[in-house]
Amino acid sequence: MSRPSLRVVRVLAISGVLLMAGAAMTRLGHVATASTTEKSSASNSAVENAIHKVREGETIFRFDTFGDQEFWGGTLQLHKAIEGAGLGGVGPGVSPKTALAVGLKVDVDALPKSLVEQIGRGAVNLNDPAVTLALLKLNAVVGVKGFLTSSGTLRSVGIECALCHSTVDNSHPALCAGQVMPNPGTGCIGHRLDGWANRDLNVGAIVALAPNLKPFADLLGTDQATVRKVLNSWGPGKFDAELILDGKAFNPEQVTDGVVTGKNVPAATLLPPAFGLGGVNLHTWIGWGSVPHWNAFVANLDMHGKGRFFDPRLDNAAQFPIAAAHGFGDLPHIDPDSDLITKKLAALQLYQLSIPAPKPTVAFDKEAAERGDVLFSGKAGCNNCHVEPLWTEPGWNMHTASDVCIDSFQADRGPDHRYRTSPIGALTTHLKGGFYHDGRFPDLNAVVDHYDKCMKLGLTGGEKSDLIQYLISLQF
């Protein structure tokens, strides 16, 4: 084999130098681009504004009552029931054990370390309402804010978004004191978990403690005893946001797959998670509106905060007789400086859309889940509605009751008479309480059986099992 000529060698050498130079320039270009990107992000006013808004929204979500203490304490006198007669209130009072039993949670980060240790070794009397008062003074009861007098007694009490849509982790499992079996992945006294539906919380039982339920009785056209009966019928993890609109306390006939599965079923619906809503068009089971719409709805009409709310759909007296009669569709135009809700909606929305959804709280079979993935988009057809990765349809994600083979009772309590395709990521964060809006399906086995029957899928037992493993694995 002949040796290359000197000219060829020179050409190859020059080419090598140019290639190395080009590679070096490329690397420098990547470095410059990354540096420019980092610099751009660091100085981007939108990013800085988003960070500020998310932090502001976190504070609002966790600690803002929107002025609703004037209703829960000032009008209903709920704080007196919490104190009990021994502390100047009424009745036996709400001890920590009672509070835990109705699903209230305690933020361990708000407690002195010494107090946590005392509770752990049983040195704190959890049957004493005075201890509950002490926890309120520490701002440690998730979603509940106590307003104190100069002498340290309760003057009023208000509620916050976190009451229903936050819980705590199970970092201190022994501190449930045997009062409740928490929703999987959660505890009673622990670190906050914002956005989780508190499926242990018995909202109705808590409200029923209030000494004065006359405002609700007058609104619903009944007596206080009946109001208490309705509130106590809800059970853990449920709330009826539409009761004050239409006065319907019970579903007269629950129907599933053409079969009557219950009569006079409480009309309260399960609390949904407040995470995983980024990119999702409508909020709530029956799609009332977007995240800020529902925040405004709840803060004004259900929490009884001080603000403005406008939704002329509530003027429909045939569908919403109570709301129409009381002008809920256009609340009084208060002085903007007195509005404690509207100016907070933007930050609150941004925080909720930023809450990271957790990973599955229970173990699952990965190989079975992979087979279930194929079924989800294939034979089972789940992805037709629960579109990955939103796990709901992009756009107007609403369906008639007949589409999903159930009765239309709850759908007919909303403006569109339809059910929303619920985002199904992070399903294991709310295993307690059942599935569907009213919890009619006790577990995922029942859900899959229902769709198999409703959609005539013809799934085998093994396919159902694989599909369930996939559902358990889903994340946002």
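This briefing covers the overall build, the nonpolar core, the cavities and one pocket of a protein chain. The model is predicted. The protein has 476 residues, and buried residues make up 50% of them. Its secondary structure consists of 18 helices and 12 strands. The structure holds 2 cavities of 30 Å³ or more, and the second largest pocket has about 900 Å³ of space.

**Overall build**

- Taken along the principal axes, the C-alpha atoms fill a box of roughly 110 × 60 × 50 Å.
- The accessible surface of the protein is about 22000 Å², and carbon and sulfur atoms account for 58% of that surface.
- Counting contacts between residues at least 6 apart in sequence, 67% join residues at least 24 apart.

**Nonpolar core**

- In soluble globular proteins, nonpolar side chains tend to be buried together.
- Here the largest nonpolar core has 113 residues.
- The residues with the most contacts inside this core are Leu104, Leu111, Phe216, Leu245, Leu301 and Leu314.
- Leu245 is in contact with Leu301 and Leu314, leaving aside neighbours within four places in sequence.
- On the same basis, the other contacts of Leu245 are Trp288, Phe297, Phe320, Pro321, Ile322, Ala323 and Phe328.

**Largest cavity**

- Rolling a probe the size of a water molecule over the atoms shows where empty space is left.
- The largest cavity contains about 120 Å³ of space.
- Its lining is made up of 13 residues, and Pro96, Leu100, Val106, Leu135 and Ile189 are the ones nearest the centre.
- Helix H5 (96–101) and helix H7 (129–137) each supply at least two residues of this lining.
- By class, the lining of the largest cavity has 12 nonpolar residues, 1 polar residue and no charged residues.

**Val131 in helix H7**

- Val131 is found in helix H7, one of the helices that supply at least two residues to the lining of the largest cavity.
- Val131 counts as buried because its relative accessible area is 18%, and the cut-off for buried is under 20%.
- Leaving aside neighbours within four places in sequence, Val131 is in contact with Pro96, Val124 and Asn125.
- Of these contacts, Pro96 is also among the residues nearest the centre of the largest cavity.
- Val131 and Ala225 are 94 residues apart in sequence, and their C-alpha atoms are 30 Å apart in space.

**Second largest cavity**

- The second largest cavity has a volume of about 50 Å³.
- One run of residues in its lining is Val265, Pro266, Ala267, Ala268 and Thr269.
- The lining also includes Asn251, Phe409, Gln410, His437 and Asp438.
- By class, this lining has 5 nonpolar, 4 polar and 1 charged residues.

**Second largest pocket**

- The second largest pocket is lined by 42 residues, with His386, Ser422, Ile424, Tyr436 and Tyr451 nearest its centre.
- Strand S12 (419–420), helix H17 (444–454) and helix H18 (461–473) each supply at least two residues of the lining.
- Helix H17 gives the largest share of the pocket lining, 4 residues.
- The lining of the second largest pocket divides into 28 nonpolar, 11 polar and 3 charged residues.

Key. Residues numbered from 1 in each chain as written. Predicted model: local features only at pLDDT ≥ 70, side-chain atom pairs only at ≥ 80, totals over all residues. Heavy atoms only, no water. 1 Å grid on protein atoms, 1.4 Å probe; cavity = no way out; pocket = protein on both sides within 12 Å on 5 of 7 lines; lining within 4 Å. Points joined across faces, edges and corners; volume = space filled by probe spheres on them. Nonpolar A, V, L, I, M, F, W, Y, C, P; charged D, E, K, R; others polar. Buried < 20%, exposed > 50% of the residue type's maximum accessible area, 1.4 Å probe, protein only. Contact = heavy atoms within 4.5 Å. Areas by Shrake-Rupley, 256 points an atom, 1.4 Å probe, with all protein chains shown as cover. Core = buried A, V, L, I, M, F, W, Y, C linked by side-chain atoms within 4.5 Å.
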